[in-house]
Amino acid sequence: KGVDYFAEMEQYHKEHHSYLLQTNEQSNNFSQPSNLLHSNHSPHVYQIYKQELLTNIIGRCAEYKCGVVERDQFEKGERRLLNLGHTFAHAIEKLCGEQKDSSTMHSIKSSAVPTTLIDDTAATPPSLMHGEAVSIGMILAAKIAEKLSPCGSNFAAQLKADFLKVGLPVEVPANLSMHNLIQAIGKDKKVAGANIHFILPKNIGYVEDRIIPLKQLEEISHDLR
């Protein structure tokens with residue numbers, strides 16, 4: 001049975017849009033995809049979605065990422081930039097996964113006990129694709145960058161508006177607390193002692209690898225929602 005490539009693209013369009021946006025934030029030279037997905041062009045994304053242009057953009061993004069990985073196989077420098085949005089994304093995925101496991105066990109146990117003992121208040125975690133979690137993570141990273149140092153006028157708000165135009169989530173799931181997210185981030189591979197390498201956007205197409213004390217990250221994250 002043949003694979004309908006664009007049917008697959010349609011099914012996972014949010015993942016691909018997240019990937020494109022994430023990659024374009026990291027490259028100063030990727031002007032065409034960045035401009036294409038910028039606020040001035042976002043309404044047209046769906047119009048070109050099934051055309052060859054998007055296939056070309058995805059190919060160029062993959063080629064760029066492969067080049068970065070080849071140049072920095074052990075993630076000591078440039079490759080870290082590919083983590084834009086992933087620090088919070090991994091924490092979101094971890095907590096959502098734990099809640100799903102908890103919900104599953106709750107359902108199994110509930111089938112064997114009287115309904116009067118079932119806790120109906122347990123929140124059902126949202127179903128997020130990896131790219132969607134990265135989308136939320138990028139917005140949070142932009143907000144942190146604005147708190148630590150100016151990264152462009154209303155940059156986080158601009159990024160949020162662009163993501164919304166292409167159907168990406170931009171808010172932390174309501175049933176996840178920022179405190180728990182920061183606790184999960186404390187176990188991230190990028191943590192070194194009491195600090196973490198955090199990739200922050202300075203503006204469209206410009207990012208930096210910044211070392212942030214975990215204590216400071218916790219303090220500035222309380223009002224990120």
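Here is a walk through this predicted model, from its overall layout down to a few side-chain pairs.

Let's start with the big picture. The protein chain has ten helices and three strands. Read from the N terminus, the order is α-α-α-α-α-α-α-α-α-β-β-β-α, so keep that string in mind as you trace the backbone. Of the 225 residues in the protein chain, 42% are buried. As for contacts, take those between residues at least 6 apart in sequence: 71% of them join residues at least 24 apart. On the outside, the accessible surface comes to about 12000 Å², and carbon and sulfur atoms account for 53% of that.

Now zoom in on helix 9, which covers residues 178–185. Its buried residues are Met178, Leu181, Ile182, Ala184 and Ile185. Look down the axis of helix 9 and these buried residues fall within an arc of 160 degrees, so they line one face of the helix.

Next come the charged pairs. Side chains of opposite charge can pair when their charged atoms come close. With a cut-off of 4 Å between a side-chain nitrogen of Lys or Arg and a carboxyl oxygen of Asp or Glu, the count comes to nine salt bridges.

One of them joins Glu78 and Arg71, with the closest N and O atoms 2.9 Å apart. Glu78 is partly exposed, at a relative accessible area of 31%, while Arg71 is exposed, at 53%.

Another salt bridge brings together Arg79 and Glu75, at 4.0 Å from N to O. Here Arg79 is partly exposed, with a relative accessible area of 23%, whereas Glu75 is buried, at 17%.

Then there's Asp209 with Arg80, whose side chains meet in a salt bridge at 3.4 Å, N to O. Where do the two partners sit? Asp209 belongs to strand 3 (residues 206–213), and Arg80 is in the loop between helix 5 (52–71) and helix 6 (86–110), so the pair ties together parts that are 129 residues apart in sequence. Asp209 is partly exposed, with a relative accessible area of 29%, and Arg80 is buried, at 19%.

Some of these bridges also link up. Through shared partners, salt bridges join Glu75, Arg79 and Lys189 into one network. So if you're still looking at the Arg79–Glu75 pair, bring Lys189 into view as well, because salt bridges that share partners, each with nitrogen and oxygen within 4 Å, put it in that network.

Methods: Residues are numbered from 1 along each chain as its sequence is written. This is a predicted model: local features need pLDDT of at least 70, side-chain atom pairs count only at pLDDT 80 or more; totals for chains, interfaces and linings use all residues. Side-chain values use heavy atoms; hydrogens and water are left out. Buried means under 20% relative accessible area, exposed over 50%, partly exposed in between (1.4 Å probe, protein chains only). Helices (H or I, at least four residues) and strands (E, at least two) are DSSP runs, numbered from the N terminus. The arc is that of the directions from the helix axis to the C-beta atoms. Contact means heavy atoms within 4.5 Å. Accessible areas come from the Shrake-Rupley method with a 1.4 Å probe; for residues, only the protein chains shown count as cover.
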